[in-house]
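Colleague: Please take one part of this model and walk me through it closely. I am new to this, so keep the sentences short.

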Amino acid sequence: MVKNPKIFRVFAWIILVQVCAVSLFFLFDGPDYFKANSFTPTEEVSSLMDKLELTDTGTRILKASAPKLEDNEEFNSHCTASDASAYVLGCYEPRSGSIHLYNITTTDLPGIVESTTAHELLHAIWTHLKFWEKNSITTELAEFYNKLPEDAQLRETMELYGSDEFYDELHSRLGTEIKDLPENLENHYAKYFKNQDHIVDLFNSYSDKYRGIEKRLKKLEEEINAKSEEVESETTFYHNWGEELNNKIIEFNTSVEEIDMATYIAKRNELQTEIDKFNEYYKNLSAKIDELNELINEYNEYAVKQKEISDHIDSTAVPEATNLKKGN
């Protein structure tokens with residue numbers, strides 16, 4: 001049988017057109033448009049999206065990631081911490097392409113859920129970048145990071161991440177935590193956020209408060225340690241002085257009958273002067289002890305506040321047991 005070359009060419013063109021159409025569908029994020037149009041956000045998620053002030057592209061990618069606010073058990077089934085000391089507030093699952101957010105309800109950390117949503121959105125965006133875009137952005141990220149001071153807070157945070165996830169995480173960190181980025185990075189984030197400074201403000205609104213508590217606790221600990229050493233040293237001196245003074249008083253009382261009146265009066269006045277100084281020393285020491293106790297009380301108050309906030313953002317925290325009423 002002789003094949004018709006015209007029919008063969010027609011079929012070849014049809015197949016080529018179909019291949020190109022499928023390629024273009026994926027190249028221009030066709031699946032995202034489908035997922036985004038299929039996603040109906042809850043009222044809470046819709047409110048989060050509004051607060052982020054996203055561009056159309058940012059909105060599409062976030063909706064395509066089907067962000068969901070979850071309570072402890074459901075959230076922990078999706079998100080786990082690679083570092084035991086870190087709190088996991090959200091995560092992006094590349095396989096399912098979904099964003100999971102821990103439903104933090106405390107009012108003590110305003111902006112924390114919104115900032116977390118933006119952070120996870122940037123993880124989703126990272127997976128959507130074409131290889132040439134990712135290579136270019138990685139270069140920009142590396143140049144900015146390498147210019148950071150050695151004691152920068154961000155450097156300490158990024159030390160927790162391995163090479164396979166470093167730039168993915170740095171991409172999310174810079175976009176949500178740092179203002180006044182280089183122009184190329186500013187333009188990159190502007191594709192997704194109408195106002196990247198606003199995103200950073202959301203991060204600062206809760207991190208400044210939480211870090212403020214940490215800084216105050218550290219400062220109080222330093223003051224308590226210094227004041228404790230001072231009080232301990234002065235208390236030892238006070239007790240030693242008290243023993244010496246008491247021996248002087250005993251010695252004076254036993255020698256009363258053996259000394260003349262002029263000597264008696266002189267020694268008594270001398271002792272009284274020392275007793276007055278001793279009492280004044282005790283008064284000052286007592287004031288320092290009160291100051292120390294005030295510092296300790298303040299430290300305890302801040303520690304309790306930190307614990308309360310930490311429990312709110314720690315999805316693995318176990319609620320404290322409450323007293324049960326006896327049955328009738």
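**From a long helix to a small sheet**

Modeller: Asp-197 is partly exposed, because its relative accessible area is 30%. Keep in mind that the model is predicted. Asp-197 belongs to helix α11, which runs over residues 196-254. Now look back along the chain to Thr-176. Asp-197 and Thr-176 are 21 residues apart in sequence, and 8.3 Å separates their C-alpha atoms.

Next, compare Leu-170. Leu-170 sits in helix α9, residues 166-177. Its relative accessibility is 0%, so Leu-170 counts as buried. The cut-off for buried is under 20%. What is Leu-170 in contact with, leaving aside neighbours within four places in sequence? The partners are Leu-141, Tyr-145, Leu-154, Met-158 and Tyr-189. Take Leu-154 from that list. Leu-154 and Leu-170 are 16 residues apart along the chain, and their C-alpha atoms are 8.9 Å apart.

Now to the sheet, the part to study closely. The sheet is open and has three strands, in the order β1-β3-β2, with mixed pairing. β1 covers 68-70 and β2 covers 90-93; both stand at the edges with a single partner strand each, so one side of each has no neighbour in the sheet. On average, neighbouring strands here are turned by 25° against each other, direction ignored.

A general point helps here. Strands of a sheet pair through backbone hydrogen bonds, either parallel or antiparallel. In this model, β2 and β3 (residues 98-102) pair in the antiparallel sense, over four bridges. Take one bridge: Tyr-92 has Ile-99 in β3 as its partner. Helix α6, residues 112-128, packs on this sheet and touches β1, β2 and β3. The direction of α6 makes about 20° with that of β2.

Look at the turn as well. The hairpin of β2 and β3 has four residues between the strands, and Gly-97 there takes a positive phi near 70°. Another positive phi, near 45°, belongs to Ala-66, which follows helix α4. α4 spans residues 56-64, and its buried residues include Gly-58, Arg-60, Ile-61, Leu-62 and Ala-64.

After β3 comes a loop. Thr-106 lies in this loop, between β3 and α6. Is Thr-106 buried or exposed? Thr-106 counts as buried, because its relative accessibility is 11%. The side chain of Thr-106 reaches the backbone nitrogen of Asp-108 at 3.1 Å.

Now follow α6 to a helix partner. Two packed helices are described by the angle between their axes and the distance between the axes. The axes of α6 and helix α3 (residues 43-52) come within 10 Å and cross at roughly 75°. Angles of 65 to 115 degrees count as roughly perpendicular. α3 and α6 are therefore roughly perpendicular to each other.

Which residues meet where α3 and α6 touch? On α3 they are Leu-48, Lys-51 and Leu-52. On α6 they are Val-113, Glu-114, Thr-117 and Ala-118. The residues of this contact divide into four nonpolar, one polar and two charged.

To recap, α6 touches β1, β2 and β3 of the sheet, and α6 also meets α3.

Note on methods
Residues numbered from 1 in each chain as written. Predicted model: local features only at pLDDT ≥ 70, side-chain atom pairs only at ≥ 80, totals over all residues. Heavy atoms only, no water. Pairing = 2+ DSSP bridges. Helix = DSSP H or I, 4+ residues; strand = E, 2+ residues; numbered from the N terminus. Axes fitted to C-alpha atoms, helices over the stretch in contact; angles between N-to-C directions. Contact = heavy atoms within 4.5 Å. Buried < 20%, exposed > 50% of the residue type's maximum accessible area, 1.4 Å probe, protein only. Polar contact = N/O pair within 3.5 Å; in protein donor to acceptor, adjacent residues only side chain to side chain. Parallel < 35°, antiparallel > 145°, perpendicular 65-115°, else oblique. Nonpolar A, V, L, I, M, F, W, Y, C, P; charged D, E, K, R; others polar.
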